[in-house]
Amino acid sequence: MRIFADRQDAGRQLAAALSEDDAVLGGRVAADSTVVVGLPRGGVPVAAEVARQLDAPLDVLIVRKVGAPGHEELALGAVGEENAVARNDDLIRASGISESDLARREQTQRDEVRRRAAMFRPDRQPVGLSGRTVIIVDDGIATGATMRAACAVARARAAARIVVAVPVAAPDVLGRLDADAVVCLHSPRDFMAVGMHYVDFRQTSDSEVIALLS
């Protein structure tokens, strides 16, 4: 089941798949027309390899999962830059969380989005996405909430074309993404967790993200 050595290996495999199909990217990759953005933290090492192989600029697109009470890894939704929000309505209903509690949890994560934006881009604005093909990269997709929020951020920043590119994902989420194209290397019917498909899935640190962006 473990098909990627680590996030760098996944990024190289993903870049190769993207390079093989110009139609997915809407034409030939050019630095002035294509941007690769990674979702911090784990998506950035993957995105860095994609950007390197495609010779495209790299940035982060900051989103935060909104976890369920007592089960923080279960995403009730996600929030992101540009006040983007995505909710998993079925999970919200199943959790029994009140609207006020959910709103508080979303606000906590919005505060964290602002903090991370200042940390990852301390002295610069985000790379412009307007009129460009934006390749949004993560190390995998489980519920899809954070990726849906990321697509909303890219839309708000006037991306001309959005390509979601991930090494692995749960198959039922891929069709619910607001993207012009989706590239996923592995989407097993028995998907359980992103980390199960990596040999090395150690946590990516903030300092690693900052180093990759610099």
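**Salt bridges in a predicted model**

Hi everyone, let's start with one pair: Arg-52 and Glu-49 form a salt bridge, and their closest N and O atoms are 2.7 Å apart. Please keep in mind that this model is predicted. Where do Arg-52 and Glu-49 lie? Both are in helix H2, which covers residues 43–54, and they are three residues apart, or about one turn of the helix. Is Glu-49 buried or exposed? Glu-49 has a relative accessibility of 10%, so it counts as buried, the cut-off being under 20%.

Now let's move along to helix H4, residues 99–120. Here Asp-101 and Arg-104 meet through their side chains in a salt bridge, at 2.1 Å from N to O. These two residues are three apart in the helix, which puts about one helical turn between them. Asp-101 is partly exposed, with 32% relative accessible area.

Staying in helix H4, we have another pair, Glu-112 and Arg-116, four residues apart and again separated by about one helical turn. Their side chains form a salt bridge too, at 2.9 Å from N to O. What about burial for this pair? Glu-112 counts as buried at 17% relative accessibility, and Arg-116 is buried as well, at 7%.

Some salt bridges share partners, and in this way Asp-59, Glu-81, Glu-82, Arg-121, Arg-124 and Arg-157 are joined into one network.

So how many salt bridges are there in total? The count is 21, and the pairs we visited today include Arg-52 with Glu-49 and Asp-101 with Arg-104. Thanks for listening!

Notes
Residues numbered from 1 in each chain as written. Predicted model: local features only at pLDDT ≥ 70, side-chain atom pairs only at ≥ 80, totals over all residues. Heavy atoms only, no water. Salt bridge = Lys/Arg side-chain N within 4 Å of Asp/Glu carboxyl O. Buried < 20%, exposed > 50% of the residue type's maximum accessible area, 1.4 Å probe, protein only.
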